[in-house]
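Visitor: I would like to take a close look at one part of this protein and have it explained slowly. Please take me through it step by step.

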Amino acid sequence: MTIWPFGIALVCLLVWSTIRRFALRQPTPSPKPPSSQRKKGPDRQPGTWTPSTYTRPTPELYPDWSLQDTEPLPYRPHKWGPNYPITMGLRAMPMDEWIELDNRYPYFHHERTTRMREMGTAVSRTAPEGLAGAHELLDELREYLPQRYPSLFRKTAKGIENLHTGDAFNTGDRPLKQDPMQIVGSLVQEDVCILVERADGQYYLAGGAVCSRGVWCLEERLGIPLSQIHIEYGKVPHFREKLEKGVMNLFRRIQPENPVQRNTWYVIGEDAINREGFTVGAGEKGMPEDNFF
């Protein structure tokens with residue numbers, strides 16, 4: 001999962017598809033910000049953001065990237081050993097590696113767009129308070145994707161074109177004719193969520209494109225604070241006593257020029273992200289719990 005602030009919103013790329021990556025990849029060194037930044041975040045009131053002058057550097061071309069031949073990058077899902085510490089597992093994210101695409105892109109694109117078309121707002125939508133962040137995310141993707149993957153994307157006068165599918169998206173009009181997170185979900189391979197900090201200091205789910213197989217539904221958790229999502233909905237073990245404080249501190253302190261990343265994983269007995277009998281939304285028949293480990 002990549003965490004990167006955009007204006008008033010924090011954009012989280014939820015790397016559900018890393019369940020397919022089980023080999024070891026050389027980890028990126030952990031972030032080491034100056035001690036003054038580690039002790040406290042920017043001097044601001046909750047729910048307010050000071051505009052940043054940071055400009056994302058132009059990424060290098062992905063070396064020899066091919067829609068047919070580039071394999072998924074391997075990741076080890078967990079550390080081996082009898083003792084497994086409960087941590088956020090953060091590490092620094094080089095800007096070139098923000099969006100990862102590979103030769104399974106056609107498969108995931110088909111599954112994601114099919115799910116968004118069939119399930120609509122249950123899997124992809126943007127709340128009003130998340131629109132500014134979603135628009136800024138689209139602006140960044142319009143620049144980044146053609147720079148990193150020029151054989152797959154082309155920047156147009158008003159937006160971006162997917163050269164694999166022929167789909168062209170107008171990302172500049174306001175308001176957009178299409179929900180911005182549906183456009184995002186049609187461009188990238190992973191799931192994406194928008195979190196927005198309110199005046200109470202909590203971060204609320206304000207939009208997303210959550211189309212992969214999982215155990216939660218975007219529609220059911222939209223507008224819910226992050227801690228409640230993890231504790232009451234996700235029932236994440238030890239979240240309150242071991243993770244909540246660190247998570248909240250991370251979001252308060254994070255800056256655009258110092259993005260971080262993490263990977264999450266779980267085991268599912270099927271490969272596809274959309275099988276009959278499986279649910280990510282209200283009104284659908286659910287998969288038995290023993291299919292997850």
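In what order do the three strands of the open sheet lie, and is their pairing parallel or antiparallel?

Guide: Before we begin, please keep in mind that this is a predicted model. The open sheet has three strands in the order 5-6-7, and their pairing is antiparallel. At its edges lie strand 5, residues 153-155, and strand 7, residues 168-170, each of which pairs on one side only. From one strand to the next, the twist averages 20 degrees. As background, the strands of a sheet pair through backbone hydrogen bonds, in either a parallel or an antiparallel way.

Let us follow the chain through the sheet, beginning with strand 5 and strand 6. Strand 6 covers residues 159-162, and three bridges hold it to strand 5 in the antiparallel sense. You can find some of the partners by eye: Arg 154 has Glu 161 in strand 6 as its bridge partner, while Lys 155 is matched with Ile 160, also in strand 6. Between strand 5 and strand 6 the chain makes a hairpin through three residues.

The second half of the sheet can be read in a similar way. Strand 6 and strand 7 run antiparallel and are joined by three bridges, and here Gly 159 finds its bridge partner in Asn 170 of strand 7. These two strands also form a hairpin, with five residues between them, and in this turn Gly 166 has a positive phi of about 85 degrees.

Now look at what packs against these strands. Helix 3, residues 131-148, packs on the sheet, where it touches strand 5 and strand 6, and its direction makes about 125 degrees with that of strand 5. Helix 4, residues 180-187, lies across strand 5, strand 6 and strand 7, and it runs at about 150 degrees to strand 7.

If you move along the chain from helix 3 towards strand 5, you enter the loop that holds Tyr 149, whereas Trp 65 lies in the loop between helix 1 (35-39) and strand 3 (91-92), so the pair they form ties together parts that are 84 residues apart in sequence. The ring centres of Trp 65 and Tyr 149 are 5.2 Å apart and the ring planes stand at 70 degrees; because planes over 60 degrees apart count as edge-to-face, this pair is an edge-to-face one. Both Trp 65 and Tyr 149 are buried, and together with Tyr 62 they form one aromatic cluster.

A search of the whole structure finds six aromatic pairs, and another of them joins Tyr 107 and Phe 108, again edge-to-face, at 5.0 Å centre to centre with 75 degrees between the planes. The two partners differ in their surroundings: Phe 108 has a relative accessible area of 5% and is therefore buried, while Tyr 107, at 23% relative accessibility, counts as partly exposed, because buried means under 20%.

Rings also meet charged side chains in this model. Arg 44 lies over the face of Trp 49, at 4.0 Å from the ring centre, and the charged end of Arg 198 sits over the ring of Tyr 204, 3.7 Å from its centre.

Definitions and conventions
Residues are numbered from 1 along each chain as its sequence is written. This is a predicted model: local features need pLDDT of at least 70, side-chain atom pairs count only at pLDDT 80 or more; totals for chains, interfaces and linings use all residues. Side-chain values use heavy atoms; hydrogens and water are left out. Two strands pair if DSSP finds at least two bridges between them. Helices (H or I, at least four residues) and strands (E, at least two) are DSSP runs, numbered from the N terminus. Axes are lines fitted to C-alpha atoms, for helices over the stretch in contact, and angles run from 0 to 180 degrees between N-to-C directions. Contact means heavy atoms within 4.5 Å. Rings of Phe, Tyr and Trp (its six-membered ring) pair if their centres lie within 6.5 Å; planes under 30 degrees apart count as stacked, over 60 as edge-to-face and the rest as tilted. Buried means under 20% relative accessible area, exposed over 50%, partly exposed in between (1.4 Å probe, protein chains only). A charge sits over a ring if NZ of Lys or CZ of Arg is within 6 Å of the ring centre and within 35 degrees of the ring normal.
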